[in-house]
Protein chains: 4
Amino acid sequence: MSGNTFGTLFAVTNFGESHGPAIGCVIDGCPPGMALSEADIQPDLDRRRPGTSRHVTQRQEPDQVEILSGVYEGRTTGTPIALLIRNTDQRSKDYGDILQTFRPGHADYTYLQKYGLRDPRGGGRSSARLTAPMVAAGAVAKKWLAQAYGTVLRGCMQQVGEVSIPFESWDHVAHNPFFAPVADTAHLEAYMDSLRKAGDSCGARIRVTAQNVPVGLGEPLFDKLDADIAWAMMGINAVKGVEIGAGFASVAQRGSTHGDSLSPQGFRSNNAGGVLGGISTGQDIEVSIAIKPTSSILTPRESVDMQGRSTEVVTKGRHDPCVGIRATPIAEAMLALVLIEHVLRHRAQNADVRAPMAAIAGSAAAAG
Amino acid sequence: MSGNTFGTLFAVTNFGESHGPAIGCVIDGCPPGMALSEADIQPDLDRRRPGTSRHVTQRQEPDQVEILSGVYEGRTTGTPIALLIRNTDQRSKDYGDILQTFRPGHADYTYLQKYGLRDPRGGGRSSARLTAPMVAAGAVAKKWLAQAYGTVLRGCMQQVGEVSIPFESWDHVAHNPFFAPVADTAHLEAYMDSLRKAGDSCGARIRVTAQNVPVGLGEPLFDKLDADIAWAMMGINAVKGVEIGAGFASVAQRGSTHGDSLSPQGFRSNNAGGVLGGISTGQDIEVSIAIKPTSSILTPRESVDMQGRSTEVVTKGRHDPCVGIRATPIAEAMLALVLIEHVLRHRAQNADVRAPMAAIAGSAAAAG
Amino acid sequence: MSGNTFGTLFAVTNFGESHGPAIGCVIDGCPPGMALSEADIQPDLDRRRPGTSRHVTQRQEPDQVEILSGVYEGRTTGTPIALLIRNTDQRSKDYGDILQTFRPGHADYTYLQKYGLRDPRGGGRSSARLTAPMVAAGAVAKKWLAQAYGTVLRGCMQQVGEVSIPFESWDHVAHNPFFAPVADTAHLEAYMDSLRKAGDSCGARIRVTAQNVPVGLGEPLFDKLDADIAWAMMGINAVKGVEIGAGFASVAQRGSTHGDSLSPQGFRSNNAGGVLGGISTGQDIEVSIAIKPTSSILTPRESVDMQGRSTEVVTKGRHDPCVGIRATPIAEAMLALVLIEHVLRHRAQNADVRAPMAAIAGSAAAAG
Amino acid sequence: MSGNTFGTLFAVTNFGESHGPAIGCVIDGCPPGMALSEADIQPDLDRRRPGTSRHVTQRQEPDQVEILSGVYEGRTTGTPIALLIRNTDQRSKDYGDILQTFRPGHADYTYLQKYGLRDPRGGGRSSARLTAPMVAAGAVAKKWLAQAYGTVLRGCMQQVGEVSIPFESWDHVAHNPFFAPVADTAHLEAYMDSLRKAGDSCGARIRVTAQNVPVGLGEPLFDKLDADIAWAMMGINAVKGVEIGAGFASVAQRGSTHGDSLSPQGFRSNNAGGVLGGISTGQDIEVSIAIKPTSSILTPRESVDMQGRSTEVVTKGRHDPCVGIRATPIAEAMLALVLIEHVLRHRAQNADVRAPMAAIAGSAAAAG
């Protein structure tokens, strides 16, 4: 109810602040019997980790995860899996003057209004650092989905600031600091360098997909699969928009174009983005998100202090010039968490889960 | 868990099918002591009702609401408010052949895969008719929010198909069948007529706003106010995209532009759309949604039958050529339901709710 | 959150007041495909119904149930099942003076304090009449459990006031107005008659059991199967105590006696009442509950009025001299609702449910 | 949903196993601004701790708690409070042979059936050791309730095995190892010594009370205050029965006796145990629980092994001869957690909480 638990059947309770002693989460509801160790989780944390290129924050956080419970002799026991990440790099002096002013675009003002107090150290609980435990939990979900259905979760950068990035191949994504699906990212490097020199920041657009998703996931009215995906994505810091399938482009489409026709070999297109009536079709889930430009910039901004007097704010410290760059593994994790939740819900209601079907023919016959 | 309840503290459980005996909802958690009668609810139902112009479905459903419980001597008692709407116009013969095929863009295929069976009468549970109980529940929420904080919820059409609609004034919205904020809608009428003649349909883009929203609503991590809004909007039939504030436009913005600066008189702009760090700022909440074109069209479409054989589908019956037209009161209702939920959550945690502040100066001093 | 929904995966939302237009419930989460009609539900409602003997209230409520949704062509569709019971016998004049005083043992005082107002008609929402929708929902759960696992739910009277009732046979329960498992109930009739003449009331002790319960149901820490049973039973009006298995007698037992030993043929005893560590053993679930004497009695009682002045209260009207008499079908329904909830939870987590085992040998080998 | 979270608005998620690296919990929903440090929590943990007398297990667990998050400069921030207790004394060799057999009265069999595997080290997740994080969370709840309403939570031993313990004074409770409210406990010491020599164990009956509880807490139908208390108490390991107020004694009471009459000075008695219609009356909450005898005893017991063959079990290791002895601080903590949850729910619905009233007169006038 206080917004720190994600999911119900695969429930992830997140705790910690950017500059407190530790961050982490408790995963409750992971099915028993799955092989699990820190080595399954660390790689995704490393993909999200700061300090890996000059285009992201230079903070050094090893983000080493420790499994505290829920695993016995290398297998999940069905009981809560607690994951702990100790904070190591806490230069809170960088943030000393924040407490007296409200940084534009930041949650300073709203936190103070909500709670009557705030933890200024690195943004406290509003820091994007709190996505690390979600990436860790998402890694557990990804492993389970991969083993159960061969589900593959992937994300890539679609746009950085004004620079649109065409899709060439998933193979490129791991080989550049932008998660860009292109071979040559020299122009992106140059763009980011100029932005950093200008003391400014830019937004990003990310695409996330899931392949081999069981058909029939999602609830028809409120917990639609796409509604839960939208909720999960908007839960990532700085996200301002979410699209499923054709998204906002569907406004100008005709019904005769948008509605994906069916053939004995399967759907002919995927404007739906893998969801019809809130329920998965077995096609790829296709999601796109908009991430606003980083609010912490060197450019001076007009603001007010705690007494409501005019002042100017410059945010020093080590910040990402484009928070969207590190958002790709986060969005993948969030999508994985939504999917595993809905698989478990489906099992509760139907006792079996239907694998995604290559050909509709067979599935219809089987269901009929 | 089965996706038919919206909210937790102000929980609305929706029931019914398009062509069953009745639809309705149970509102659990409405604070006691508010004056309430059917007359508070019926006007919003009438705004959503079909058959009001030639541009929407010609089905005749009076959608007369009956309060079954939770009100004593004209006041809410704090116990569940059950609302009942009997279905009257159930021409299920129109839908006879649907059971044997899957209509492109519809939930036929996914329902069959999820449940192993489906109710073909008017789409059963996947029908947009199920938004009527939400509009009814939303009217209760709206009344409470208006009395408590003077909150005003409004929506209007921003785009129909390719036709963008500039914002002139809220005053026009009630005086045309499109909820368009413009004086002259002749071009929209002509556009819709041509579409109907072509046996096709189009999408729509809707804007929804809330004025006078208390500051401090929303949870910082997962139940962010904007995440819950995104979830609610994606829960409306046919919605494929959601934006808060600057939305997808924020991708190409610079941080120096996007971050709304603060002055002693208040925020200088509202790129945030009224939400920072998941928590309301007291500015207007600004939401925009994309609605896909109606899937039920007269144009023949390729599909398969229950045995997986190729077939062609033409959807007769009485359908909206642009489902987005009637979505405005629905989106308002959904936004109202999200806001009242978060007001009650805030009261649980903080015992007081802060009114939206004209000047930040005062609020900062008060909070500090 | 406002206490009107029972369960999460098989969620029953209850609405209505004793003397309002209607009472009912919405069942969300019933698995699809089960044959269901009003005829499956009415018999249990008739068992609970008032006016069936001179030992219960003489109110005449036919309690005719109507299925409003969730069933298509005689089968559940997996969508919400709304059940409606219109109130017919609303002699609210009987309750006219209640509004000015607080009846001892009643919820008058606490309702006023909680809500700031109260509905005095027949106790409003605090009336035991609200158990009728639970009995209806329980009938749906019972049918599903019976079909899936052969689960049998039964209850009987163990004690009426000071009169203890030995267990002779389940066969007798349906043939006397007390749900007593004995052939001869003449002494109970006499006891109740004398009580009624004295204008007083008495308590009761009820036993409820479930046979053929799958093994492995229940969560180890908080949602223990026995904890959820205790919660459900205490949720029945007037219940003041709950025991599982040996219950309070276990205080004076030794560990060497209490712990049920295991043999290749199964457990040797059932002090556990079918639950170990919060999880079902596959043995019979054994529950016992204490129900306080009816608070509405003809004997004058000391009380205060709304202004806090001394007064005397006599409750006229048509009341059960022992509310426990009609509690047996209610307790069965509540137990059924707890069990189906846990079956669905187990399916979510484990994808299969283990049938109760005749011999532990086989089960251990199978599980191992 | 997997039974590891207690509460919704004040939600405590528990993790860990008896012999894993650590146990702990995350408290989500604690109101901001309360002074809090480890020193507020440790005393209650020390009261529950093993090894404090010869009558409880001789395991040495310092149970040192560390606050990982949710507190900034000594005050709660309104964000999750993570509490960590490292396990130090993990002699898992003691439990080596348990994996091959099922101990009578233990959860070995049900865990295996539920999960398909089990963690045998000290009972894993079914160990009473998992009550330590609840005692820690309860200490936070107690502090908040005490500051807000002066609520006092207390518990004492009522019966050990066959030995009933009269109530003399709360003052004695802290001065003997049994939490007994009597000055002289020599006979209890002798009783326990003889039991230990016999290699056997006994049950216990505990009383828990809360003074200065706000009136109006609890929901009328399912989340009755007493129902939630029953759920919480049955969630404590080994509890087999729960009573509120007169409890099972109310069966043989008359209505004219049981119903607590009201006077201008307040209620004349407290058979209700502080709850009427599921809602607190402002009187003391009175709860009594039955705890079964310890299942781990030296006396040999008949059982079966994993292959279903007859075998004999003797449980060595360091076990409490009466688990009930250490249950008093646990039951207090559970009651505190139920109360704070309902205070927060009440605030959500009513925005104000009514203090317990000395005289009904004033309260009635105020409410009316």
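In chain D, strand β8 (residues 152-160) and strand β10 (residues 204-211) run antiparallel and are joined by eight bridges; strands here are DSSP E runs of at least two residues, helices are H or I runs of at least four, and both are numbered from the N terminus. Across this pair, D:Leu153 sits opposite D:Ala210 in β10(D). This is a predicted model, so to speak: local features need pLDDT of at least 70, side-chain atom pairs count only at pLDDT 80 or more, and totals for chains, interfaces and linings use all residues. Residues are numbered from 1 along each chain as its sequence is written, while chains are lettered from A and ligands numbered from 1 in the order in which they are written.

Zooming out, β8 and β10 of chain D belong to an open, antiparallel sheet of 10 strands, ordered β9(C)-β8(C)-β10(C)-β16(C)-β11(C)-β11(D)-β16(D)-β10(D)-β8(D)-β9(D), where pairing takes at least two DSSP bridges between two strands. At the edges lie β9 (163-164) of chain C and β9 (163-164) of chain D, each paired on one side only.

As for how the two chains relate, a turn of 180 degrees with a shift of 0.0 Å along the axis lays chain D on chain C with an RMSD of 0.0 Å, superposed by least squares on C-alpha atoms of residues with pLDDT of at least 70 in both. That is the relation of a two-fold axis. D:Trp231 is the chain D residue that comes closest to the rotation axis, its C-alpha at 2.4 Å.

Chain C also meets chain B: 34 residues of chain C contact 34 of chain B, with contact meaning backbone-placed C-beta atoms within 7 Å.

Note on methods:
Contact = placed C-beta atoms within 7 Å.
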